[in-house]
Amino acid sequence: MVTGGSRGIGLEIARTLVARGDRVCVTGRDAERLAAAVAELGPHAMGVAGKAHDPEHQAEVVERVLAAWGRLDHLVNNAGSNPAFGPLTDVEPALLAKVFEINVLSAFGFARRAWSAWQHQHGGTVVNIASVAGLGASPFLGAYGVSKAALVNLTEQLAHELAPLVRVNAVAPAVVKTRFASALYEGNEERLAAGYPLGRLGVPSDVAGVVAFLSSPAAAWLTGQTLVVDGGVGLTAGTG
Ligand SMILES: NC(=O)c1ccc[n+]([C@@H]2O[C@H](COP(=O)([O-])OP(=O)(O)OC[C@H]3O[C@@H](n4cnc5c(N)ncnc54)[C@H](OP(=O)(O)O)[C@@H]3O)[C@@H](O)[C@H]2O)c1
């Protein structure tokens, strides 16, 4: 299961998992965009449209995956958004609550349901898509960063509670070229990329490969970790 799998990083994760032989259920709010993604992913994919933070949608997705395939091994909590650009002190508490609902409660709700419906007996993995914004202060992304920091701790908490049957990890990307991040790099890409030791911004496959690793037996002794996938941009100490 990949939430928010109709475009961007989530769709690339779904492509990568289908390519390794998994059957993949993707979700997203826009039913048409989701149907196009499912058509592209092919016969081993299905889609369930809805809002990731809606408990009824969460229940429906888990139910439909189990009805179709009889198992739910890997959950990727990728759906996320940032409706609150700007300094954190300018954000109304109700909007911060909304950001938490989308970026944190969605992941919690899906993980809880996957656990109770399947993984508590059969095991599996959960991978949460966090962000480098959750690992330090980020100008303009304060509310988003606070929510992604909560997702990092949720990862650790669930990893502890669901072990040894289920491994729970996170990925924290820096700027990855998708529609979501376009405001950060459009018209500015060369200058921004110059600050990345690996010389470029990320692309969705940079994240998808790490998610595939975390949900594979190659990561069998790895849980509760947040892997930073950032082209090396976090390596500098701010000394210029
Ligand atoms: N791009 C980056 O630089 C970057 C960096 C760090 C972390 N991330 C994280 O990576 C994840 C994916 O981001 P992206 O860049 O791939 O974004 P994107 O290109 O905007 O794709 C977001 C996907 O999630 C779906 N979605 C959004 N809100 C949803 C909701 N409330 N319920 C269900 N589906 C929802 C979208 O479809 P619909 O619009 O149809 O719902 C779409 O499929 C997010 O969690 C983001 O915070 C991104």
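This passage describes a four-stranded sheet, the helices around it, one loop residue and the surroundings of a ligand. The structure is a predicted model, in which local features need pLDDT of at least 70 and side-chain atom pairs count only at pLDDT 80 or more, while totals for chains, interfaces and linings use all residues. Residues are numbered from 1 along each chain as its sequence is written.

Helices and strands are taken here as DSSP runs numbered from the N terminus, with at least four residues (H or I) for a helix and at least two (E) for a strand. An open sheet is formed by four strands in the order β3-β4-β5-β6, and their pairing is parallel; two strands are said to pair if DSSP finds at least two bridges between them. At the edges stand β3 (74-77) and β6 (226-229), each of which has a single partner strand, so that one side of each is left without a neighbour in the sheet. On average, and with direction ignored, neighbouring strands of this sheet are turned by 20° against each other; axes are lines fitted to C-alpha atoms, for helices over the stretch in contact, and angles run from 0 to 180 degrees between N-to-C directions.

Within the sheet, strand β4 (residues 124-129) pairs with strand β5 (residues 166-173) in the parallel sense over six bridges, and I129 has V171 of β5 as its bridge partner. Eight of the eight residues of β5 are buried, so this strand is largely enclosed by the rest of the structure. A residue is called buried if 20 or more other C-beta atoms, placed from the backbone, lie within 10 Å of its own, exposed if there are 12 or fewer, and partly exposed in between. From β5, V166, V168, A170 and A172 point one way, whereas R167, N169, V171 and P173 point the other way.

Helix α5 (residues 142-162) packs on the sheet, where it touches β4, β5 and β6, and its direction makes about 165° with that of β5. In the loop between α5 and β5 lies P164, and the peptide bond from A163 to P164 is cis, with omega near 5°.

The loop between β4 and α5 contains F140, whose phi is near 75°, a positive value in a residue other than glycine. F140 has 16 C-beta neighbours inside 10 Å and therefore counts as partly exposed. When its neighbours within four places in sequence are left aside, F140 is in contact with F85 and G86, contact meaning that the C-beta atoms of two residues, placed from the backbone, lie within 7 Å.

A further packing arrangement involves helix α3 (residues 55-69) and helix α4 (residues 93-122), whose axes come within 10 Å and cross at roughly 40°. By class, their contact has eight nonpolar, two polar and one charged residues; Ala, Val, Leu, Ile, Met, Phe, Trp, Tyr, Cys and Pro count as nonpolar, Asp, Glu, Lys and Arg as charged, and the others, Gly among them, as polar.

The ligand is surrounded by 30 residues, of which the closest are G4, G8, R29, G80 and F180; a residue is placed near a molecule if its C-beta atom, placed from the backbone, lies within 6 Å of it. This shell divides into 10 nonpolar, 14 polar and six charged residues, and α1 gives the most to it, with three residues.
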